[in-house]
Each structure stands twice: as C-alpha cells, then as structure tokens.
Amino acid sequence: LDVELTEFVSQSPYHLKAYDLRGFYQNRYSNLKKAESDWVHVFKIDVTYFGVGDRLIRLTQSQADAEGVEILSTYARAERLRFSNAQFLESLDLFGPLLEKKHPLSDSLRDEVLFNMGVIYRNNIKDYEKALEAFSKILEDEKSFRIEEAMYNLVMTELQLGNYSDCEARISEFLEKFPTSGHHEKLALILLYSKSLRLLSTLKHNSVAQESM
C-alpha cells in the first residue's frame with residue numbers, strides 16, 4: 001500500500017487524500033516522522049481537511065512537543081482569520097512570527113506561510129512590494145512545491161507595479177522552467193499586454209520630455 005500511495009502522491013502535491021492515507025499507514029506502523037510529514041503537507045494546504053489538524057496536534061502532543069502544538073495552532077488560527085473572517089492584517093500578524101521560529105514544523109510550513117502572506121499582500125491589501133518579497137523568498141527553497149505558483153504570482157505582481165521589463169523577464173524565466181505549465185496561454189496574453197503598456201509608457205515619457213523642452 002505504501003508503494004502505491006507513494007506513486008500516487010508523486011503525481012501531484014495536491015493529491016491530499018493520498019497524502020492523508022499514507023500518513024495513516026505510516027502512523028499505524030509507528031513511522032511517526034513520516035506520518036507527520038504527510039499530514040503536515042495536507043494541513044498546510046487545507047487546515048480543515050477531514051480532521052488532519054486534530055490528528056497532527058495529537059501526534060505532536062504524544063511527543064511532548066508543546067512548541068510544535070503552538071505552531072500548528074497558530075497556523076490554523078491564521079488560516080481561519082483570512083478565510084472565514086477576512087481579517088487579513090490579523091492573519092499576517094500570526095503568520096509573520098512563524099517564519100522566525102527555529103523548529104522542524106515551522107520549517108515545514110515556511111513555504112506555505114510565505115505563499116499565504118504573498119497572496120494576502122497582493123490580492124487583499126495591495127501591498128505589492130511586500131508581495132514580491134514573500135513570493136521571492138519561496139524561490140530560495142528549490143524543493144518547495146509552491147515555486148511554480150510563486151513565479152506566476154511574481155509575474156502578476158510586477159505587472160501590477162508597472163515594472164513591465166521585469167514582468168517580461170519573469171515570464172521568460174517561467175516559460176523556461178515550466179514548459180508544460182497550464183499558465184502558458186494566460187502568460188502569452190500578459191506578455192503582449194505588458195509590452196503594449198511599456199510602449200505606451202515610453203511614448204508618454206517622450207511626449208512629456210518634448211513638451212518640456
């Protein structure tokens with residue numbers, strides 16, 4: 001069963017059911033660290049997934065890891081604040097300190113914490129500079145499953161900032177790194193849009209310069 005589930009989860013990081021079932025399998029045979037790893041993966045994507053948070057907390061409590069329990073509880077509270085209550089600043093106040101903790105669980109959650117913060121900054125409070133910072137930090141971890149989405153969000157954030165040359169450079173980088181991504185069609189349109197805006201900006205700048213002479 002472990003082999004079959006491992007083959008299934010290797011197909012996509014979003015096969016949460018397979019990760020969850022493999023966690024149950026590992027837990028049954030006392031491979032607690034492997035069970036924790038699978039359940040953390042499910043938890044950080046969807047804290048409401050079929051009681052995975054409760055199972056993780058019980059597992060962490062069984063190892064007398066009070067700090068780990070607090071990290072998991074804080075992450076869950078931050079997610080509830082942004083999804084259920086639209087309290088985005090309060091959510092950021094909880095996410096931020098998790099990045100400073102030196103603990104295996106906070107390390108495991110780091111890429112998703114950064115992704116969540118980047119999404120809040122970009123989509124909810126329109127702080128595009130901080131969104132760039134958050135998404136860029138995800139790229140430091142080559143093993144993160146969020147790299148593709150982080151790079152896509154960097155493209156969109158550069159566009160929103162009016163950094164058209166940077167936007168186009170990030171599109172080229174994305175297409176090279178993810179040649180089969182489902183974002184290609186949209187990125188082709190964004191590239192054309194960015195080039196058009198950059199041309200208009202240049203023409204406007206030249207016109208203003210001529211008028212001032």
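## Helices α3 and α7

Let's start with a pair of helices: α3 and α7 pack at an angle of about 35°, and their axes are 10 Å apart. The crossing here is right-handed, with α3 passing α7. On the α3 side, the contact is made by E36, V40, F43, K44 and I45. On the α7 side, you'll find L105, S108, L109, D111 and E112. Sort the residues of this contact by class and you get five nonpolar, one polar and four charged.

Keep in mind as you look around that this is a predicted model. And if you're wondering about the style of description, two packed helices are described by the angle between their axes and the distance between the axes.

## The whole chain

Now zoom out. How many helices and strands are there in the chain? There are 11 helices and zero strands. So if you read along the sequence, the pattern is simply α-α-α-α-α-α-α-α-α-α-α. As for dimensions, the C-alpha trace spans about 75 × 35 × 30 Å along its principal axes.

## The largest pocket

Next up is empty space. Rolling a probe the size of a water molecule over the atoms shows where empty space is left. In this model, the largest pocket holds about 380 Å³ of space. Its lining is made of 20 residues, and those nearest the centre of the pocket are S37, V40, H41, K44 and S108.

Which elements give two or more residues to this lining? They are α2 (16-28), α3 (32-45) and α7 (104-124). Helix α3 gives the largest share, eight residues. You've already met some of these names: V40 and K44 of α3 and S108 of α7 take part in the contact between those two helices, and V40, K44 and S108 are also among the residues nearest the pocket's centre. By class, the lining of the largest pocket has 10 charged, six nonpolar and four polar residues.

## The second largest pocket

The second largest pocket has about 160 Å³ of space. Its lining is made up of F43, V47, T48, G51, V52, G53, D54, I57, L72, A76 and R80. Two elements give two or more residues to this lining, namely α4 (52-62) and α5 (66-83). The largest share, four residues, comes from α4.

What classes of residue make up the lining of the second largest pocket? It has six nonpolar, three polar and two charged residues. Look out for F43 in this lining, since F43 of α3 also turns up in the contact with α7.

## Helices α4 and α5

The two helices that feature in that second pocket also pack together. Helices α4 and α5 meet at an angle of about 165°, with axes 8 Å apart. That angle makes α4 roughly antiparallel to α5, because angles over 145 degrees count that way. The crossing of α4 past α5 is left-handed.

Which residues of the two helices meet? From α4 come L56, I57, T60 and Q61, and from α5 come G68, V69, L72 and S73. By class, this contact has four nonpolar, four polar and no charged residues. Two of these names should ring a bell: I57 and L72 are also in the lining of the second largest pocket.

## Helices α8 and α9

Further along the chain, helix α8 (residues 128-138) packs with α9 at an angle of about 155°, and the axes lie 9 Å apart. This angle makes α8 roughly antiparallel to α9. The two helices cross in a left-handed way.

The contact brings in Y128, E129, A131, L132, F135, S136 and I138 from α8. Their partners in α9 are I147, A150, N153, L154, T157, E158, Q160 and L161. Sorted by class, these residues are nine nonpolar, four polar and two charged.

## One enclosed cavity

How many cavities of 30 Å³ or more does a search of the whole structure find? The search finds one. The largest cavity has a volume of about 30 Å³, and L139, M151, L154, R170 and E173 line it.

The elements giving two or more residues to this lining are α9 (147-161) and α10 (164-177). By class, the lining has three nonpolar, no polar and two charged residues. L154 links this cavity's lining with the last helix pair, as L154 of α9 is also part of the contact with α8.

Note on methods:
Residues numbered from 1 in each chain as written. Predicted model: local features only at pLDDT ≥ 70, side-chain atom pairs only at ≥ 80, totals over all residues. Heavy atoms only, no water. 1 Å grid on protein atoms, 1.4 Å probe; cavity = no way out; pocket = protein on both sides within 12 Å on 5 of 7 lines; lining within 4 Å. Points joined across faces, edges and corners; volume = space filled by probe spheres on them. Nonpolar A, V, L, I, M, F, W, Y, C, P; charged D, E, K, R; others polar. Axes fitted to C-alpha atoms, helices over the stretch in contact; angles between N-to-C directions. Parallel < 35°, antiparallel > 145°, perpendicular 65-115°, else oblique. Left-handed = near helix turned anticlockwise from the far one by under 90°. Contact = heavy atoms within 4.5 Å.
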